[in-house]
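Colleague: I would like a close look at one part of this protein, the strand that carries one of its disulfides. Could you walk me through its surroundings, and then through the rest of the disulfide picture?

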Amino acid sequence: RIQILFEGFAIMKIRLFLHLLFILVCVLSERLGLQSGLQSNVEHVQGFLPAEQFFNDYVFPGKPVIFKNAAKEFPAFNKWTDEYLASLPESSVHAFLMEYGKKENRDDPSEDVTMNKFLNVYKKDDVYLINGIPKYLTKDIPVYDPLDCDFVVRNFLSDIVMWFSSGGTTSVWHWDSYENINCLLRGSKELIMMDKKDYENGHLTNRAGSFSAVDVDNVDTAEFPNFKNVTFYNATIHAGDCLYIPWRWFHYVKSFGSNLAVNVWFDTYRTPFTCKKTSFKSFADATFRKDSSDLSKGEPGEYDFMKGLHQAIYNTDHMNLADSIDNKQFIDIFEGFQADMDSEYGTDTMAEIFAILDENKDGHLNLREIDSLITTNYYTVYYILSKSFISVGLLILVFIVALVLLWYRRQRKNKAVTKAVDDNQKKAN
């Protein structure tokens, strides 16, 4: 009996130790979003808002909003069961990107698989499908009401993406370079977000990838002290809800339960406009920038170049601190962007474009002037870029003609020398 009591006491001590260890881990391991003690829930409305109201009330000021039950009207909401997706002929042919590891690590491996292969493994394996949605599926997703403007759909759509897992996923702390409306068809998601105004406190450790090395489940406050100065925003959405995430707002995402979401990325734009509804029935009728064959080859036409440059301006750090850029900043952004695009416009061309956009001649481009790059000043800038391209083409043509003429002269000279040698040999004979 004494031995039994001793063993029982030892077990109780072990349990007490484990319990205290668990409490200690909970105290020391703090999820990102709890550091400052300042949290605010994201505003929500019932259903979608009309486009003009959405842009005026939320996009232009950069405020997130939840659209409760807005996605329940999508055909995809009820149709996209595993059985339905598996039954489609394209599901055994079309390639989707499957990432390994539900806790996002941007160095983790990935693999191209068919939808059917993913459906066979995703409930038991540590995998996550993230891919642009092909047109045979986008027909089940109507153009979101907040984006249902001809002007928006024809100019600003960047990509439409599927996020599919069995739940339990965690993303890195990051920001997106586009505006984002994410609609959830299955499961739940929790997002912790931070206003871009607090950008300097976001601990961005990878500028090229726009993400941080912070472990969102276990924040080292000594390494990342600035989080204590941040107001965090919480957005929890359930199947049928949609969430607008403003451009450059830091966030991370956790998913729960079988999880299927669709998000649309669209360009930043800050100038009020009048909305004329599109005639498109679904996103299958729309063209996203990732569908542009010229841009995907790295050889954009002038209009694609201007849309890319417009977004590149908005994605510079200058735009976190002020709503304008000066001539030097514009040229720096232009040069960086064209290097990525394999273009070679000169600084004279850049200065000429800046002068056209700077309508009030104050030496800075405000938001309206930046937006005019792809609206009111589009044709003027298009002409400048085309003229520059033609000038480079003429120089190349002149160079080629000069080479041909040089070759031709050398050929004639060689023939003349050969003829003189032949004539001398004939005279000698």
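Modeller: Happy to; here is a walk through that strand, its partners, the disulfides and the cores. Please keep in mind that this is a predicted model.

Let's start with strand S8, which spans residues 179-194. S8 is mostly covered, with 15 of its 16 residues buried. It pairs with several other strands. Toward S11, the two strands run antiparallel and are joined by 14 bridges; here leucine 184 has alanine 261 as its bridge partner. Toward strand S9 (residues 232-238), S8 again pairs in the antiparallel sense, over seven bridges, and methionine 194 stands opposite phenylalanine 232. Toward S10, four bridges join the antiparallel strands, and isoleucine 181 of this pairing stands opposite tyrosine 244.

Asparagine 182 is a good residue to zoom in on, as its place is in S8. Its relative accessibility is 11%, and buried means under 20%, so asparagine 182 counts as buried. Leaving aside residues up to four places away in sequence, asparagine 182 touches Lys189, Ile237, Asp241, Cys242, Leu243, Ala261, Val262 and Asn263.

One of those contacts, Cys242, brings us to the disulfide you asked about. Cysteine 183 and cysteine 242 are joined with an S to S distance of 2.1 Å. The angle about the S-S bond is 110°, and this link is right-handed. Cysteine 183 sits in strand S8 and cysteine 242 in strand S10 (residues 242-245), so the pair ties together parts that are 59 residues apart in sequence. Cysteine 183 is buried, at 0% relative accessible area, and cysteine 242 is buried too, also at 0%.

A search of the whole structure finds two disulfides. The other one joins cysteine 149 to cysteine 275, with S to S at 1.9 Å. Its torsion about the S-S bond is about -125°, so this disulfide is left-handed. The cysteines come from distant parts of the chain, 126 residues apart: cysteine 149 is in the loop between helix H6 (135-138) and helix H7 (150-155), while cysteine 275 is in the loop between strand S11 (250-266) and helix H8 (293-296). Cysteine 149 is buried, with a relative accessible area of 0%, whereas cysteine 275 is partly exposed at 23%. If you number the bonded cysteines in sequence order, the pairing reads 1-4, 2-3.

Now for the nonpolar cores. The largest one has 85 residues, and those with the most contacts inside it are Phe54, Trp80, Tyr144 and Leu147. Helix H11 (residues 327-341) gives the most to this core, namely six residues. A second, separate core holds 17 residues, including Val42, Trp163, Leu184 and Trp249. Leu184 is the S8 residue that has alanine 261 as its bridge partner.

Tryptophan 80 is worth a look of its own. Apart from residues up to four places away in sequence, tryptophan 80 touches Leu85, Ile133, Leu137, Asp140, Ile141, Met162, Leu185, Arg186, Leu260 and Val262. Val262 is also among the contacts of asparagine 182.

Terms used: Residues are numbered from 1 along each chain as its sequence is written. This is a predicted model: local features need pLDDT of at least 70, side-chain atom pairs count only at pLDDT 80 or more; totals for chains, interfaces and linings use all residues. Side-chain values use heavy atoms; hydrogens and water are left out. A nonpolar core is a set of buried Ala, Val, Leu, Ile, Met, Phe, Trp, Tyr and Cys residues joined through side-chain atoms within 4.5 Å. Buried means under 20% relative accessible area, exposed over 50%, partly exposed in between (1.4 Å probe, protein chains only). Contact means heavy atoms within 4.5 Å. A disulfide is a pair of cysteine sulfur atoms within 2.5 Å. Two strands pair if DSSP finds at least two bridges between them.
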